[in-house]
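Let's take a walk through a protein fold, one piece at a time. Have the sequence and the 3D view open side by side as you read.

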Amino acid sequence: MKILVAGPLGIGKTTAISTVSEIPTLHTDEVMTTAAAGTDELTHHGLQDKKTTTVATDFGRLTLVQAGVILYLFGTPGQRRFRPLWDDLAEGALGALVLVDTERLQESFEVMDLIEERGLPYTVAVNTFPHSRTVEPDTLRDKLDLAEHTPLVVCDARDKNSTLDALIALTAHLITLAGDASS
Ligand SMILES: Nc1nc2c(ncn2[C@@H]2O[C@H](COP(=O)(O)OP(=O)(O)OP(=O)(O)O)[C@@H](O)[C@H]2O)c(=O)[nH]1
Ligand SMILES: [Mg+2]
């Protein structure tokens with residue numbers, strides 16, 4: 001199954017894919033230039049120390065033995081100027097893991113719109129950063145206007161089991177939807 005790992009700049013997409021991939025991941029991160037500093041949105045988010053950004057995609061693979069599926073994970077670029085790549089990346093994708101930070105939900109709305117426009121089912125994973133407030137799941141669901149069946153999980157992209165759990169939640173959701181569609 002082709003799965004997108006999506007979310008705004010610096011939310012942990014590359015980290016999540018590297019953490020769970022069973023093959024060496026392919027990255028296209030480039031050193032961020034000072035020219036990009038004005039364009040990109042890092043300084044607003046305490047990410048001044050971030051040195052690289054993904055310019056095309058990340059790619060990794062994960063076998064979920066119990067579910068009997070292999071996930072091909074594609075990271076979407078976080079920077080707005082790479083939006084034109086979305087159509088190619090989304091081609092053939094079955095679903096998406098959307099990473100969000102409670103401190104910048106607005107940026108996740110944009111990403112969720114891009115995914116919803118393409119009719120892709122998704123699961124939301126809240127990445128907890130040191131500066132982020134804890135928001136109750138029900139409140140977050142309201143704020144993100146999530147459909148009742150859309151899974152919402154908390155995840156640390158740096159932690160393998162945590163990221164695995166988020167992807168398992170997404171896979172279970174996709175399998176349920178596929179079962180509903182065929183019955
Ligand atoms: N606390 C915390 N830090 C994280 C988490 N995920 C990623 N980070 C850190 O956040 C920084 C940015 O992570 P990346 O994986 O490069 O983010 P990205 O979404 O790939 O960024 P772009 O490709 O530039 O859009 C790194 O320093 C990570 O170590 C998380 O779940 N929790
Ligand atoms: Mg990245």
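Here is a short tour, from the overall layout down to single residues.

## The big picture

First, keep in mind that this is a predicted model. The protein chain has six helices and seven strands. If you follow the sequence from start to end, they come in the order β-α-β-α-β-β-α-β-α-β-α-β-α.

Of the 183 residues in the protein chain, 48% are buried. The chain exposes about 9300 Å², and carbon and sulfur atoms supply 54% of that area. Now look at who touches whom: among contacts with a separation of 6 or more, 74% are between residues 24 or more positions apart.

## Two nonpolar cores

As a rule, nonpolar side chains in soluble globular proteins tend to be buried together. Here, the largest nonpolar core has 22 residues, and the ones that touch the most other members are L4, W86, V98, I115, Y122 and L144. Several elements chip in with at least two residues each: β1 (2-6), α3 (86-90), β5 (95-100), α4 (105-117), β6 (122-127) and α5 (137-144). Helix α4 gives the most, with five residues.

Try clicking on L144. Leaving aside residues up to four places away in sequence, L144 touches L105, F109, M112 and V124. There is also a second, separate core of 21 residues, including V20, A125, C155 and L164.

## Strand β6, covered on both sides

Which residues of β6 lie on each side, and are they buried or exposed? In a regular strand, side chains alternate between the two faces of the sheet. In β6, Y122, V124 and V126 are on one side, T123, A125 and N127 are on the other, and all of them are buried. That makes six buried residues out of six for β6.

Strand β6 also has partners. It pairs with β5 in the parallel sense over five bridges, and A125 in β6 is the bridge partner of L99. It pairs with β7 in the parallel sense too, over four bridges, with V126 standing opposite V154 in β7.

The helices come into this as well. β5, α4 and β6 make a right-handed β-α-β unit, and so do β6, α5 and β7.

## A buried helix and a loop before it

Helix α1 (residues 13-20) is mostly covered, with six of its eight residues buried. Those buried residues are K13, T14, A16, I17, T19 and V20.

Just look at the loop between β1 and α1, and you'll find G12. G12 counts as buried because its relative accessibility is 14%, under the 20% cut-off. What does G12 touch, not counting residues up to four places away in sequence? The list is L99, N127 and A157. Another pair to check is G12 and V100: they are 88 residues apart in sequence, but their C-alpha atoms are 9.2 Å apart in space.

## One more loop residue

Where is T150? It is in the loop between α5 and β7 (152-155). Being in a loop doesn't tell you whether a residue is covered, so check the number: T150 has 5% relative accessibility and therefore counts as buried. Apart from residues up to four places away in sequence, T150 touches Y122, T123, R141 and H173. Two of those names, Y122 and T123, should look familiar from the two sides of β6.

Key
Residues are numbered from 1 along each chain as its sequence is written. Chains are lettered from A and ligands numbered from 1 in the order in which they are written. This is a predicted model: local features need pLDDT of at least 70, side-chain atom pairs count only at pLDDT 80 or more; totals for chains, interfaces and linings use all residues. Side-chain values use heavy atoms; hydrogens and water are left out. Buried means under 20% relative accessible area, exposed over 50%, partly exposed in between (1.4 Å probe, protein chains only). Contact means heavy atoms within 4.5 Å. Accessible areas come from the Shrake-Rupley method with a 1.4 Å probe; for residues, only the protein chains shown count as cover. A nonpolar core is a set of buried Ala, Val, Leu, Ile, Met, Phe, Trp, Tyr and Cys residues joined through side-chain atoms within 4.5 Å. Two strands pair if DSSP finds at least two bridges between them. A crossover is right-handed if, with the strands pointing away from the viewer, the path from the first strand over the helix to the second runs clockwise.
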